[in-house]
Amino acid sequence: VTITHFDCPIHLTKAYGAWRNRKMVTFYERLVTVLFNRYKGLVKYWLTFNEINMLLHLPFTGAGILLEEGENKDQLLFTAAHHQLVASALATKIAHEVDREMKVGCMLAAGNTYPNTPNPNDIWKAMIKDRENYFFIDVQARGYYPGYALKEMERKNVVLPMEEGDLELLKENTVDFLSFSYYRSTTFDRDVNLKVDTGGLTCRDNPYLKDKAPQPWGWAVDPVGLRYTLNVLYDRYHLPLLIVENGVGLDENIDEKGEIHDDFRVHYIEEHLKNVNDAIEDGVDCRGYLYWGPIDVVSAGTGEMKKRYGFVYVDRFNDGHGTLERKLKDSYYRYKEIIESNGEVLLEDE
């Protein structure tokens, strides 16, 4: 169960300024105390914040924050980040006090950054971009602010709103496992600024990724990148890993027989799960895989129904019309076979 999944109540944004305000930590403490006690014995695995690193890219989505005129953006975002990190550590502490069987994890929008060339400057810039993602998880998994983050804040004249007991709380209440979303990799060089748009991160085209989804959003598919990401994260944190989002959005419709043949989604799922298996064979402790998402929903990235992720089709369209009737796509039946065999059918096909 994810406690906060891009859903900061609008009242808290309007009345308190959302996560720029330290009072949010107290509000979050009350929420998790209720949740952990109410679902004790029923829910074992909890995530504190969905894709917590997106706060730096999409502050309203990630933390309910609207930048005010004249406000120091760097100071604001790192202040909000500190408040969320303290809240996450506090939630971990409370969960373990309520029920020792509860496990609390963090959640990262993952996908490693490849350098565009062997140029050392490209490699260096790609590492810096990866560190922007790792910053939050370094604190949640290791219990302290990494040196590179402290130096970056120093360069930006950011002063963390550190209160008495914060450092101890972070150190003593690290997460039990790490979860992440993975959709694709990114390729970066020193002349490109990665930024978030409606399709995710914009970046260089990777000429080695020939497999592109037949859809207008232009995402190149990189299943091996999932294996790579699993290995990098496990080497870095030595914590059990859980893939909680992996999927592809496609523009698809029902044919004259009333069927949805989403061959590319079948291909996407199969290839990514094969690489999960390879990562496990590499020695990675991967505890599970969750596809995003079972049923077609409005895409968070583009705000439209046209970008369909589900293996269950929903009769609804961008203009709002549709019966909401559900139909099973080909990917539903294939994924069902994969689950029933615990992935053995994928190995049989090789």
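These entries record what I looked up in a predicted model of one protein chain.

**Entry 1: overall form**

I began with the secondary structure and found 11 helices and 12 strands in the chain. The radius of gyration is 21 Å, close to the 20 Å that the globule rule gives for 350 residues, so I noted the chain as being as compact as a globular protein of that length. Along the principal axes, the C-alpha atoms fill a box of roughly 65 × 55 × 45 Å.

I then looked at how the chain is connected. Among contacts between residues at least 6 apart in sequence, 71% join residues at least 24 apart.

**Entry 2: surface and charge**

I looked up burial next: 51% of the 350 residues count as buried. The chain exposes about 17,400 Å², and I noted that carbon and sulfur atoms supply 51% of this area. For charge, I recorded 41 positive and 55 negative side chains. The centres of these two sets lie 4 Å apart.

**Entry 3: the nonpolar cores**

Which residues touch the most other members of the largest nonpolar core? I found Trp19, Phe36, Phe135, Ile137, Phe180 and Leu230 in that position, within a core of 85 residues. Helix 4, which spans residues 73-98, gives the most to this core, with 14 residues. Apart from it lies another core, of 5 residues, including Leu47, Phe177, Leu242 and Val244.

I followed Phe135 further. Setting aside its neighbours within four places in sequence, I found Phe135 in contact with Phe78, Ala81, Leu85, Tyr145, Tyr148 and Ala149.

**Entry 4: Thr229**

I turned to Thr229, which has its place in helix 8 (residues 223-237). Is this residue buried or exposed? Its relative accessible area is 1%, which is under the 20% limit, so I entered Thr229 as buried. Residues up to four places away in sequence aside, Thr229 touches Ala110, Gly111, Asn112, Phe180 and Tyr182. Phe180 was already on my list for the largest nonpolar core.

**Entry 5: Gly249**

Where is Gly249 placed? I located Gly249 in the loop between strand 9 (241-245) and helix 9 (263-282). Despite the loop setting, Gly249 counts as buried, at 2% relative accessibility. I also checked its separation from Thr13, which is 236 residues away along the chain. The C-alpha atoms of Gly249 and Thr13 are separated by 30 Å.

**Entry 6: backbone exceptions**

Before searching for exceptions, I noted the background: most residues other than glycine have a negative phi, and most peptide bonds are trans.

I found a cis peptide bond joining Trp292 and Gly293, with omega at about -20°. Gly293 is found in the loop between strand 10 (286-289) and strand 11 (312-314).

I then noted Leu324, a residue other than glycine with a positive phi, near 70°. Leu324 is found in the loop between strand 11 and strand 12 (326-328). Its relative accessible area is 40%, between the limits of 20% and 50%, so I entered Leu324 as partly exposed.

Asn342 also has a positive phi, of about 55°, although it is not a glycine. I placed Asn342 in the loop between helix 10 (330-340) and helix 11 (344-349). Its relative accessibility is 68%, which is over 50%, so I entered Asn342 as exposed.

Note on methods
Residues are numbered from 1 along each chain as its sequence is written. This is a predicted model: local features need pLDDT of at least 70, side-chain atom pairs count only at pLDDT 80 or more; totals for chains, interfaces and linings use all residues. Side-chain values use heavy atoms; hydrogens and water are left out. Helices (H or I, at least four residues) and strands (E, at least two) are DSSP runs, numbered from the N terminus. The radius of gyration is taken over C-alpha atoms; the globule rule is 2.2 Å times the number of residues to the power 0.38. Buried means under 20% relative accessible area, exposed over 50%, partly exposed in between (1.4 Å probe, protein chains only). Contact means heavy atoms within 4.5 Å. Accessible areas come from the Shrake-Rupley method with a 1.4 Å probe; for residues, only the protein chains shown count as cover. Lys and Arg count as positive and Asp and Glu as negative; His and the chain ends are not counted. The place of a charge is taken as NZ of Lys, CZ of Arg, CG of Asp or CD of Glu. A nonpolar core is a set of buried Ala, Val, Leu, Ile, Met, Phe, Trp, Tyr and Cys residues joined through side-chain atoms within 4.5 Å.
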